[in-house]
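Subject: Structure handover

Hi,

Here is the structure I promised to pass on to you. Have a look at it first, and then read on for what turned up in it.

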Amino acid sequence: MKKVYETKISFADLGDRKIAYRSYGKGRTIIFINRFRGTLDTWDPLFIKMMAKKFNVITFDYSGIGSSTGNMSSEITLVAQDVKDLASALKLDTIVVLGWSYGGLVAQAATLLYPNLVTHSILVGTNPPGKNEVPFEQVFLDAALKPINDFDDEVVLFFEPKSAFSIAAAKASHERIHKQIDVSKIPSTMEVFQIYFNGGEGFREDILNFRDQIKKTKTPILIICGDHDVSFAVENWYAVFNQMTNAQMIVYSGTGHAPQHQYPELTSKSIINFVKHTY
């Protein structure tokens with residue numbers, strides 16, 4: 001694949017911090033919100049390329065992560081402010097958000113806190129707010145907390161090791177990502193990991209009652225999951241989904257935590273159609 005998807009890193013100066021971001025394509029703006037340990041370059045370039053055919057895709061680093069300055073908060077609501085502040089700096093009145101994993105928690109907070117800003121919310125491989133029945137699998141913790149992850153870890157973390165198709169997709173996605181990524185920017189210390197986990201714990205405690213709010217919001221929500229996600233099990237949505245007001249769900253069989261990387265073309269088409277036909 002030609003590196004037509006590469007763009008330079010830009011910085012939004014927010015006064016107290018600078019947010020690093022990349023911008024791809026033209027159209028309605030969709031902001032990609034990172035997973036645990038994710039940076040603006042841990043997204044599959046093919047997925048970005050397909051999405052950028054219809055959207056202006058923005059990837060960014062949280063405050064204090066990757067190339068951004070400042071400090072990352074252990075409160076999801078404050079991390080969601082990065083999304084709002086970035087949108088304001090780019091003079092965007094409305095955005096679509098796409099949050100993956102931990103970023104899905106942030107996307108939900110942004111959706112509920114800033115309903116006039118977020119028109120559509122795409123939640124990939126993530127959990128609903130509040131207490132959920134299915135916890136992390138041990139294999140996730142064993143792999144996710146290593147200072148540096150190799151390809152075998154990625155298969156366990158993001159794909160389905162029992163599926164030859166999924167492993168092949170993992171290899172293709174890995175090769176695309178690692179053509180451009182600066183691995184040194186990926187968070188690698190337990191001190192930073194704990195900030196993410198504290199945010200997740202607060203999201204489970206749910207003192208703002210997001211679990212009820214996510215059921216009632218009229219903002220269109222698309223949930224995309226693999227059938228075997230070792231970190232955020234799709235089953236956790238079943239107690240919530242049938243009470244939601246304006247939501248759709250896609251579940252891929254033989255798929256793990258990164259359905260958008262296993263099926264970048266199919267997933268992008270589903271998202272494009274969802275945003276086009278829902279309101």
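A quick definition before anything else: two residues are in contact when heavy atoms of theirs lie within 4.5 Å. With that in hand, take Ile271. Setting aside neighbours within four places in sequence, Ile271 is in contact with Ile30, Phe47, Met51, Phe55, Leu98, Ile122, Leu222 and Ile224.

Bear in mind that this is a predicted model. The average pLDDT over the chain is 96, and 98% of the residues score at least 70. Looking element by element, strand E5 (residues 95-100) has the highest mean pLDDT, at 99, while helix H4 (residues 138-144) has the lowest, at 96.

Back to Ile271, and to the core. The largest nonpolar core holds 75 residues, and Ile271 is listed with Tyr62, Leu98, Tyr102 and Ile122 as having the most contacts inside it. Which element gives the most to this core? That is H3, with seven residues.

H3 also has a partner worth a look. Two packed helices are described by the angle between their axes and the distance between those axes. For helix H2 (residues 76-89) and helix H3 (residues 102-113), the angle is about 80° and the axes are 8 Å apart. An angle from 65 to 115 degrees counts as roughly perpendicular, so that is the word for how H2 and H3 sit to each other. On the H2 side the contact is made by Ile76, Thr77, Val79, Ala80 and Val83, and on the H3 side by Tyr102, Leu105, Val106, Ala109, Ala110 and Leu113. Sorted by kind, the residues of this contact come to ten nonpolar, one polar and no charged. Tyr102 turns up here as well as among the residues with the most contacts in the core.

Still in helix H2, there is Ala89. Ala89 has a relative accessible area of 32%, so it counts as partly exposed. Apart from neighbours within four places in sequence, Ala89 is in contact with Ala12 and Leu14. Arg17 is 72 residues from Ala89 along the chain, and their C-alpha atoms are separated by 12 Å.

Just past H2, have a look at Lys91, which lies in the loop between H2 and E5. Most residues other than glycine have a negative phi. Lys91 is not a glycine, yet its phi is positive, at about 60°. Another such case is Asp206, with a positive phi near 55°. Asp206 is in a loop as well, the one between helix H7 (190-205) and helix H8 (210-216). Are these two buried or exposed? Lys91 has a relative accessible area of 72%, so it is exposed. Asp206 is at 13%, under the 20% cut-off, and is therefore buried.

Now for two residues in strands. Ile58 is in strand E4 (residues 55-60), and with a relative accessibility of 2% it counts as buried. What does Ile58 touch, not counting residues up to four places away in sequence? Its contacts are Tyr21, Arg22, Ser23, Thr29, Ile30, Ile31, Phe32, Leu86 and Leu90. One of these, Phe32, is 26 residues from Ile58 in sequence, with 6.0 Å between the two C-alpha atoms. Ile30, which Ile58 touches, is also in contact with Ile271.

The other one is Tyr24, in strand E2 (residues 18-24). Tyr24 is buried too, with a relative accessible area of 4%. Between the C-alpha atoms of Tyr24 and Asn132 there are 35 Å, and the two are 108 residues apart along the chain.

One last residue to find on screen is Ser184, in the loop between helix H6 (164-177) and H7. Ser184 counts as exposed, at 62% relative accessibility. From Ser184 to Asp227 the C-alpha separation is 32 Å, with their positions 43 residues apart along the chain.

If you want a place to start, try Ile271 and its contacts, then go on to H2 and H3.

Cheers

Notes. Residues numbered from 1 in each chain as written. Predicted model: local features only at pLDDT ≥ 70, side-chain atom pairs only at ≥ 80, totals over all residues. Heavy atoms only, no water. pLDDT = per-residue confidence, 0-100. Helix = DSSP H or I, 4+ residues; strand = E, 2+ residues; numbered from the N terminus. Axes fitted to C-alpha atoms, helices over the stretch in contact; angles between N-to-C directions. Parallel < 35°, antiparallel > 145°, perpendicular 65-115°, else oblique. Nonpolar A, V, L, I, M, F, W, Y, C, P; charged D, E, K, R; others polar. Core = buried A, V, L, I, M, F, W, Y, C linked by side-chain atoms within 4.5 Å. Buried < 20%, exposed > 50% of the residue type's maximum accessible area, 1.4 Å probe, protein only.
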